[in-house]
Amino acid sequence: MEETKKSLLDDSFTSAMTLTNSGVPQVPDRYVLPSAQRPALGSSIGTRDDTTLPVIDLSLLHQPLLRSRAIHEINMACKEFGFFQVINHGIPSSVVKDALDAATQFFDLPVEEKMLLVSSNVHQPVRYGTSINHSTDKVHYWRDFIKHYSHPLSKWIEMWPSNPPCYKSIDGYMSKNASIDELSRKYPDEVLPRDKVGKYAEATHLLNKQLLEAISESLGLEKNYLQEQNEEGSQVIAVNCYPSCPEPEVTLGMPPHSDFGSLTILLQSSEGLQIMDSNKNWVCVPYIEGALIVQLGDQVEVMSNGIYKSVIHRVTVNKHVKMLSFASLHSLPRR
Ligand code: OGA
Ligand code: NI
């Protein structure tokens with residue numbers, strides 16, 4: 001009886017990481033997409049010269065004489081793609097590296113440890129899973145993830161994974177309802193080395209605020225037009241792991257979709273994202289060391305009366321390389 005129960009459970013949840021580690025020579029049938037939905041990897045059909053995608057230097061925003069140039073570039077990118085990459089965005093490379101490091105350690109944990117956080121309830125504030133929703137997906141995607149609410153940080157961080165210990169600060173500091181910055185000043189030696197993902201969450205929250213200001217300006221609105229709503233809004237971080245895949249040409253890491261919120265700030269450890277351009281061609285987004293990806297969500301499309309479009313995107317997987325990503329999904333409250 002116990003055996004049967006266990007094998008039923010095992011059948012209903014197998015992470016992509018488990019399949020990769022077991023060395024399967026092919027993907028199981030549930031991952032195989034109908035041919036029209038496969039990613040046409042390596043063929044030039046439906047792709048375009050990726051050097052034409054916008055990359056914006058955000059340091060210009062802080063220079064009074066050059067800010068309007070950056071705003072103009074943002075306006076063009078949002079109109080044409082609903083997408084751009086940013087460099088000189090102000091998040092230190094050590095913060096980015098630490099976050100990726102914590103994610104690597106989390107996904108390398110034994111399955112039983114990660115299963116403590118598994119849930120098929122999409123409203124769970126902290127949720128480990130595979131594919132999009134393993135219990136309802138008809139086709140599965142080659143992706144494992146840990147998703148958690150992240151703003152306000154002090155409200156949620158206690159529920160975040162406590163293993164690996166570097167993922168967040170522990171020892172009950174967070175219950176004092178102080179920001180990571182305040183805590184770091186107060187407990188410089190104890191907290192700093194252990195709050196890797198918390199630091200990244202706070203840094204992306206600030207970057208999102210700056211980007212919303214620039215986007216508001218680029219639409220001819222007041223810089224602070226969305227500030228209040230943004231503070232009341234939510235930030236959910238999806239940490240994704242796309243293990244190397246024996247048959248990347250028949251499956252995807254994530255299906256085509258647009259993000260529902262205002263902005264998504266995306267960090268990837270290697271290439272894999274594709275966006276759909278205005279001619280409905282898939283475009284591979286080049287990997288730029290140190291850059292972050294900004295994607296407009298449906299809320300900005302609505303707020304701009306359709307002048308800006310939310311970007312449709314998908315994730316391809318790789319035969320040899322495991323890709324990690326942090327998708328920081330920001331949204332304004334529903335009114
Ligand atoms: C998302 C998303 C892309 C990625 O989480 O909505 O599009 O590379 N992620 O993980
Ligand atoms: Ni997305």
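Two strands count as a pair here if DSSP finds at least two bridges between them. With that in hand, welcome to a set of close-up views of a predicted model.

**View 1. The eight-stranded sheet, strand by strand.**
An open sheet of eight strands runs in the order β1-β2-β10-β7-β12-β5-β4-β3, and its pairing is mixed. At the edges stand β1 (55-57) and β3 (126-130); each has a single partner strand, so one side of each is left without a neighbour in the sheet. From one strand to its neighbour, this sheet turns by 25 degrees on average, direction ignored. As a reminder, strands of a sheet pair through backbone hydrogen bonds, either parallel or antiparallel.

**View 2. Strand β12 and its two partners.**
Look at β12 (residues 323-331) beside β7 (residues 263-268): the two are antiparallel and share six bridges. Within β12, L266 has A327 opposite it, while I265 has S328 as its bridge partner. Turn to β5 (234-242), and you will find nine bridges joining β5 to β12, again in the antiparallel sense. Here Q235 is matched with H330 of β12.

**View 3. The two faces of β12.**
Is β12 enclosed or open to its surroundings? Nine of its nine residues are buried, so β12 is largely enclosed by the rest of the structure. In a regular strand the side chains alternate between the two faces of the sheet. For β12, one side carries M323, S325, A327, L329 and S331, and the other carries L324, F326, S328 and H330; all of these are buried, so both faces are covered.

**View 4. Helix α9 across the sheet.**
Helix α9 (residues 196-218) lies across β2 (83-87), β4 (144-149), β5, β7, β10 (292-296) and β12, and it runs at about 135 degrees to β7. K209 is a residue of this helix. With a relative accessibility of 28%, K209 counts as partly exposed. Which residues does K209 touch, leaving aside those up to four places away in sequence? They are Q227 and N230. K209 and Q227 are 18 residues apart in sequence, and their C-alpha atoms are 7.3 Å apart in space.

**View 5. F326 and the nonpolar cores.**
The largest nonpolar core has 55 residues, and the members that touch the most others are F84, F107, W160, Y200 and F326. Zoom in on F326: leaving out residues up to four places away in sequence, its contacts are A99, L100, A103, V197, Y200, I237, A238, V239, I265, L266 and L267. A second core, separate from this one, has 25 residues, including A16, Y242, V311 and V315.

**View 6. The nickel site.**
Which residues hold the nickel ion (ligand 2)? H257 (NE2), D259 (OD) and H313 (NE2) coordinate the ion at 2.1 Å. Along the chain these donors follow the spacing H-x1-D-x53-H. D259 is buried, at 8% relative accessibility. H257, at 23%, is partly exposed, because buried means under 20% relative accessible area.

**View 7. The four-stranded sheet.**
Another open sheet has four strands in the order β6-β11-β8-β9, with antiparallel pairing. Its edge strands, β6 (254-257) and β9 (282-284), each pair on one side only. Neighbouring strands of this sheet are turned by 20 degrees against each other on average, direction ignored. Two bridges link β6 to β11 (residues 313-315) in the antiparallel sense. One of the residue pairings is M254 with V315, its bridge partner in β11.

**View 8. The whole chain and where to be careful.**
Stepping back, the protein chain contains eleven helices and twelve strands. Of its 335 residues, 50% count as buried. Among contacts between residues at least 6 apart in sequence, 74% join residues at least 24 apart. The chain averages a pLDDT of 88, and 86% of the residues score at least 70. Two stretches deserve a second look. Over residues 1-10, pLDDT stays under 50, and the model has zero contacts for them beyond four places in sequence. Over residues 170-176, pLDDT also stays under 50, with 14 contacts beyond four places in sequence.

Technical notes. Residues numbered from 1 in each chain as written. Chains lettered and ligands numbered in written order. Predicted model: local features only at pLDDT ≥ 70, side-chain atom pairs only at ≥ 80, totals over all residues. Heavy atoms only, no water. Donors = N, O, S within 2.8 Å, 3.2 Å for Na, K, Ca; no water. Buried < 20%, exposed > 50% of the residue type's maximum accessible area, 1.4 Å probe, protein only. Axes fitted to C-alpha atoms, helices over the stretch in contact; angles between N-to-C directions. Contact = heavy atoms within 4.5 Å. pLDDT = per-residue confidence, 0-100. Core = buried A, V, L, I, M, F, W, Y, C linked by side-chain atoms within 4.5 Å.
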